[in-house]
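Hi,

Here is the structure I promised to pass on. Have a look at it first, and then read my notes underneath.

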Protein chains: 4
Amino acid sequence: MLLSLTDLSDEPLQGQIARQIRAKILNGELVAGDTLPSIRGLARDYHVSVVTVQRGYESLEREELIHSRRGKGFFVSDINQANKKRMALKSFAEKIKPMIKVAIDEGLSSGDILESIHNILNREE
Amino acid sequence: MLLSLTDLSDEPLQGQIARQIRAKILNGELVAGDTLPSIRGLARDYHVSVVTVQRGYESLEREELIHSRRGKGFFVSDINQANKKRMALKSFAEKIKPMIKVAIDEGLSSGDILESIHNILNREE
Amino acid sequence: MLLSLTDLSDEPLQGQIARQIRAKILNGELVAGDTLPSIRGLARDYHVSVVTVQRGYESLEREELIHSRRGKGFFVSDINQANKKRMALKSFAEKIKPMIKVAIDEGLSSGDILESIHNILNREE
Amino acid sequence: MLLSLTDLSDEPLQGQIARQIRAKILNGELVAGDTLPSIRGLARDYHVSVVTVQRGYESLEREELIHSRRGKGFFVSDINQANKKRMALKSFAEKIKPMIKVAIDEGLSSGDILESIHNILNREE
DNA sequence: GTGGTCTAGACCACA
DNA sequence: GTGGTCTAGACCACA
């Protein structure tokens, strides 16, 4: 599994691990039943602590995106396509909502906000 | 000055102070030359430490939204209307960009994202 | 007497008053026996506190650049030309020395420093 | 790391810390990737408060001379040699300029000023 | 009165 | 272990 981890970012390492694996599951790169790298292997490969990987996996487990089988490792759980999209949308909306509140408090209009998002989307393409 | 501070949030108190005053300046509720509450007064009124208020004010000072006058207190700096909007838009875009990247990584389309924002804006109104 | 006082600067008001009058004495604009504005008059004209002016005058008194006559006000003291230059040079050297130490600590050479001063002098002219 | 801190000086402790570490970075004594003493370690060793060290480090962080890594500590950032010299020169010029203005106001000539600097440099060597 | 600096503790998330 | 935030006091210069 290819991850890109850096301790220069504000984002905690455990969060980077969870986020990148979560994306692979939600966008279909990883599918139900796929095995995840072992905690120790991933820790070794990326020079991070076993505890750090463990905490990343725990987040995904709590979101029911992955599950562990005793002695066998971690596996991608079975989530149907509709649910995946629903999860992605829900987590996006939850993160974005407070930022929009702040923007409105600062005097931006709905139009300003939509235009800004539009511009970002165009640049991302 | 009316603020709403809580230590139940993940957002640091100093950040809550800075954010709420920033909004009042950017949306025109506070204008150039207005005085801010004294550090000690605000600390007393909201039962937070003097240092906490000071750090909030320091952020705003670094953003050049406010400035202090020796022995007199803090004052709202002079920023023109165009600049206010530019600042609000810039900070919004900067916060929102990484979240949009994540959403795209998770398989959401531009349409999904715009629709989600649209829904949030409608509910906020 | 024309002064330029601002509370936007880092320099205290009392220091601004002392500095500007000191310059007028050392560069000959004010000469021995000249009267200084009354403390209350200066305070009124420049919208600063009487205490602030008083403290500025006290600095100059301690430097023996001015003296008060009971009930009559403040007067410029008698200092000969050579002494004026010596005083200006001494205070310049004292302020500049620690800055030069810092510059050398930061790895600048004597040449770097002299060149920088040279550039500033050219621009000031 | 060897620092010399004193509360007898007018210079704030946090400023002394920042200044001395800044010098070590700019003159090459500390290089990119070097670790700084931990905030708590330095506070203990020099009998100053954790907050004081933290504020010193914050200054250097804002100047982008150092950066922190979560749970690991502070590290010297990567600045190339040319930039180091440019930064040292710029900060020197900025501090020195107002003092030269004062000296000129007090009637000193460019020659007086250059000679004074020259004398100081000779004594420093 | 005001802001600026400082102390000596504390609790938290993260590695 | 590390940094980040916070408290409840203190003393100072300045207006």
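Below is what I found, going from the chain contacts to the DNA.

One thing up front: this is a predicted model, so please read everything here with that in mind.

**Chains A and B**

Let's start with the contact between these two. Chain A and chain B put 32 residues each into it. On the chain B side, the elements that supply two or more residues are α1, α4 and α5 (110-124). The top contributor there is α4(B), with 14 residues. Sorted by class, the side of chain B that touches chain A comes out as 18 nonpolar, five polar and nine charged residues.

Now zoom in on the α4 helices. Helix α4 (residues 81-105) of chain A and helix α4 (residues 81-105) of chain B have axes that come within 10 Å and cross at roughly 175°. An angle over 145 degrees counts as roughly antiparallel, so that is how α4(A) and α4(B) run relative to each other. From α4(A), the contact uses A:A88, A:F92, A:K95, A:I96, A:M99 and A:A103, and α4(B) brings B:A88, B:F92, B:K95, B:I96, B:M99 and B:A103. The class split for this helix pair is 10 nonpolar, no polar and two charged residues.

**Chains C and D**

Here the pair to look at is α5 with α5. The axes of helix α5 (residues 110-124) of chain C and helix α5 (residues 110-124) of chain D come within 11 Å, crossing at roughly 165°. That makes α5(C) and α5(D) roughly antiparallel too, and the crossing is right-handed. On the α5(C) side you will find C:S110, C:I113, C:L114, C:I117 and C:L121, which meet D:S110, D:I113, D:L114, D:I117 and D:L121 of α5(D). By class, this contact has eight nonpolar, two polar and no charged residues.

**Pairs that don't touch**

Chain A and chain C make no contact, with their nearest C-alpha atoms 26 Å apart. Chain B and chain D don't touch either, and there the closest C-alpha atoms are 10 Å apart.

**The hairpin in chain D**

Strand β1 (residues 66-69) of chain D pairs antiparallel with β2(D) through four bridges. If you want a marker for the pairing, D:H67 sits opposite D:F75. The two strands form a hairpin with three residues between them, and D:G71 in the turn has a positive phi of about 70°. Keep D:G71 in mind, as it comes up again below.

**The DNA**

Which residues come nearest to strand F? Out of 30 residues around DNA strand F, the nearest are B:L13, B:S49, B:G71, D:S38 and D:G71. Several elements each supply at least two residues to this surface: α1 (13-26) and α3 (50-62) of chain B, α1 (13-26) and α3 (50-62) of chain C, and α2 (39-45), α3 (50-62) and β2 (73-76) of chain D. The surface near strand F has 12 nonpolar, 13 polar and five charged residues.

DNA strand E is surrounded by 30 residues, the closest being B:S38, B:G71, D:L13, D:S49 and D:G71. Two or more residues each come from α1 (13-26) and α3 (50-62) of chain A, from α2 (39-46), α3 and β2 (73-76) of chain B, and from α1 (13-26) and α3 of chain D. By class, the surface near strand E has 12 nonpolar, 13 polar and five charged residues.

Over to you, and shout if anything is unclear.

Cheers

Methods: Residues are numbered from 1 along each chain as its sequence is written. Chains are lettered from A and ligands numbered from 1 in the order in which they are written. This is a predicted model: local features need pLDDT of at least 70, side-chain atom pairs count only at pLDDT 80 or more; totals for chains, interfaces and linings use all residues. Two residues are in contact if their C-beta atoms, placed from the backbone, lie within 7 Å. A residue is near a molecule or strand if its C-beta atom, placed from the backbone, lies within 6 Å of it. Ala, Val, Leu, Ile, Met, Phe, Trp, Tyr, Cys and Pro count as nonpolar, Asp, Glu, Lys and Arg as charged, and the others, Gly among them, as polar. Two strands pair if DSSP finds at least two bridges between them. Axes are lines fitted to C-alpha atoms, for helices over the stretch in contact, and angles run from 0 to 180 degrees between N-to-C directions. Angles under 35 degrees count as roughly parallel, over 145 as roughly antiparallel, 65 to 115 as roughly perpendicular and the rest as oblique. A crossing is left-handed if the near helix is turned anticlockwise from the far one by less than a right angle, and right-handed if clockwise.
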